[in-house]
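Biologist: Hey, got a minute to walk me through this one? I'd like to get the general picture before we zoom in.

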Amino acid sequence: MNLLDLVLALPLIGFLVLLLVPRAAESAIRALALGFSLVIFAASLGLAFGYETIRPGQQFVTDIVWVVSPNIHYHVSLDGLSLWLVILTTLLTPICILISWKSIQSRGKEFFAFLLLLEFGLTGVFAAHDLFLFYVFWEVSLVPMYFLIGIWGHDRRIYAAVKFFLYTFAASVLMLTAIIYVYNRAHTFNYSDILAMLASGRLEFTSSQQMCLFLAFFVAFAVKVPIFPLHTWLPDAHVEAPTAGSVMLASVMLKMGTYGLARFCLPMFPAAARACAPWIVVLAIVGILYGALVAMVQPNMKKLVAYSSVSHLGFVVLGIFSFTQIGMDGAVYQMLNHGISTGALFVLVGYLYERRHSLVIADYGGVAAAAPWLSTVFMITMLASIGLPTLNNFVGEFLVLQGSAQANFTWTVFASIGVILSACYMLWLYQRVFYGETPDEVRHRIFDLKPREWAAILPLIAMMVWMGMYSQSFLPAVRKTTARILEQTQVNVPIRVQAPVAPAEVVAHAR
């Protein structure tokens, strides 16, 4: 057993331990959940320190036969694409436990157990190197999120939970069908073996077969991202979910879709990915603009942040399907950025909701006078979200736009409008909530950050600054993996620079 196996096993062990604790021992349940999550995060940091950046390929590999026939393996590993997503998952889980410390008053045992089970499923998705195992973890992660929304959500929680489950489960059935077809042709679920067969010609798909398989995987991932117009489940899920559910959904679960696009769709079906890239990029850009415009008119804070996710994740899809090294690097980095900044936004919106018990923007105003530190932290998070230089989102968006400009400058022009619009709706939100006259309800109910709340939000603020100032802490590992993906797809966009013309040649040509 290596360190990755421990990081995978501990959330499941924590889930089972919490189920055995008496329901009346509420303090012990919270302490156990937080303790397990902190140990898991510490172990995941060991993965980062032990990861060899200069060595490409899979690390922390475990490959054990799970089922003999069909040939299914417990095969897990990490590379530069999955490493930071696993650490993002383990970082956010203790934060979600902290922000739910007082807000979850009923069935706390089940709530914290489901958070650990969700961590187990999400970590497994990013670590699985066997297609069938990947699908198992994919579906496992749906179950706890369904219950987190359906039990601890707001008034329309059942509707939102069922809609979330039906959208994602129905789309994933297409992916399962494609996985089974690939297995029948390759006689293995091993991802590396399938790529090796495709590269050597031992496994071939016709153009129509590759297109159908690509679309089956793509639809499952597109719903999860979500890509316009498959996004309609997301605002309902975010608005009705408890704060911890919104954080894990936005920060990690949505990355399952973009991770799948980069991990499976491009290397396994490169010709189909190249053929479909133009219309996928169009959908991504439409999502960027549509999400920003709809966010601008939202009266509900959570819905505004939810639509901002549709817009921001459009940049990730744009970077992936630019087929450029810098665009792919930016896409992966933007996955991490979005997880940090949008997760922090949902945490802060949750703080406001716990105080005022309203998500309606019009019910606020003048919060800066009642809670100056809360308004300061919200401002930093808001500026990170709109891409202020020196904060994290700026690096990811800049790399994506630079990569898309190398592929097609027109794409960059339209996508850049989304950056401007994001500043409009976030600054307007901040003005309406934190400035202006302070209503009596705000003055009497809104108070500043408490120590537990500081403990939850400070790591995210630190990460925004760190990722904005020292991106090379993360990008070298990412770059090795994205370069390998582009090599496998063989669709990298070359940069052609015309040689400068000597002045003498210009004069001669003029004569």
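Biologist: So how many helices and strands does the protein have?
Modeller: Keep in mind this is a predicted model. In it, the secondary structure comes to 21 helices and 2 strands.

Biologist: And how compact is the protein?
Modeller: It's as compact as a globular protein of that length, because its radius of gyration is 23 Å, close to the 24 Å that the globule rule gives for 511 residues. The C-alpha atoms fill a box of roughly 75 × 70 × 40 Å along the principal axes.

Biologist: What share of the residues is buried?
Modeller: Buried residues make up 59% of the 511.

Biologist: Let's zoom in. How many residues of helix H9 are buried?
Modeller: 8 of the 8, residues 233–240, so H9 is largely enclosed by the rest of the structure. Among them are Trp233, Asp236, His238 and Glu240.

Biologist: What covers the buried residues of H9?
Modeller: The cover includes helices H5, H6, H8, H10, H12 and H13.

Biologist: New topic. At what angle do H3 and H19 pack?
Modeller: About 150 degrees, with their axes 8 Å apart. An angle over 145 counts as roughly antiparallel, so that's what H3 is to H19. Their crossing is left-handed.

Biologist: Which residues meet there?
Modeller: From H3 you have Leu91, Leu92, Ile95, Leu98 and Ile99, and they meet Arg452, Ala455, Ala456, Pro459, Leu460 and Met463 in H19.

Biologist: How do those divide into nonpolar, polar and charged?
Modeller: The contact of H3 with H19 has 10 nonpolar residues, no polar ones and 1 charged.

Terms used. Residues are numbered from 1 along each chain as its sequence is written. This is a predicted model: local features need pLDDT of at least 70, side-chain atom pairs count only at pLDDT 80 or more; totals for chains, interfaces and linings use all residues. Side-chain values use heavy atoms; hydrogens and water are left out. Buried means under 20% relative accessible area, exposed over 50%, partly exposed in between (1.4 Å probe, protein chains only). Helices (H or I, at least four residues) and strands (E, at least two) are DSSP runs, numbered from the N terminus. Contact means heavy atoms within 4.5 Å. Axes are lines fitted to C-alpha atoms, for helices over the stretch in contact, and angles run from 0 to 180 degrees between N-to-C directions. Angles under 35 degrees count as roughly parallel, over 145 as roughly antiparallel, 65 to 115 as roughly perpendicular and the rest as oblique. A crossing is left-handed if the near helix is turned anticlockwise from the far one by less than a right angle, and right-handed if clockwise. Ala, Val, Leu, Ile, Met, Phe, Trp, Tyr, Cys and Pro count as nonpolar, Asp, Glu, Lys and Arg as charged, and the others, Gly among them, as polar. The radius of gyration is taken over C-alpha atoms; the globule rule is 2.2 Å times the number of residues to the power 0.38.
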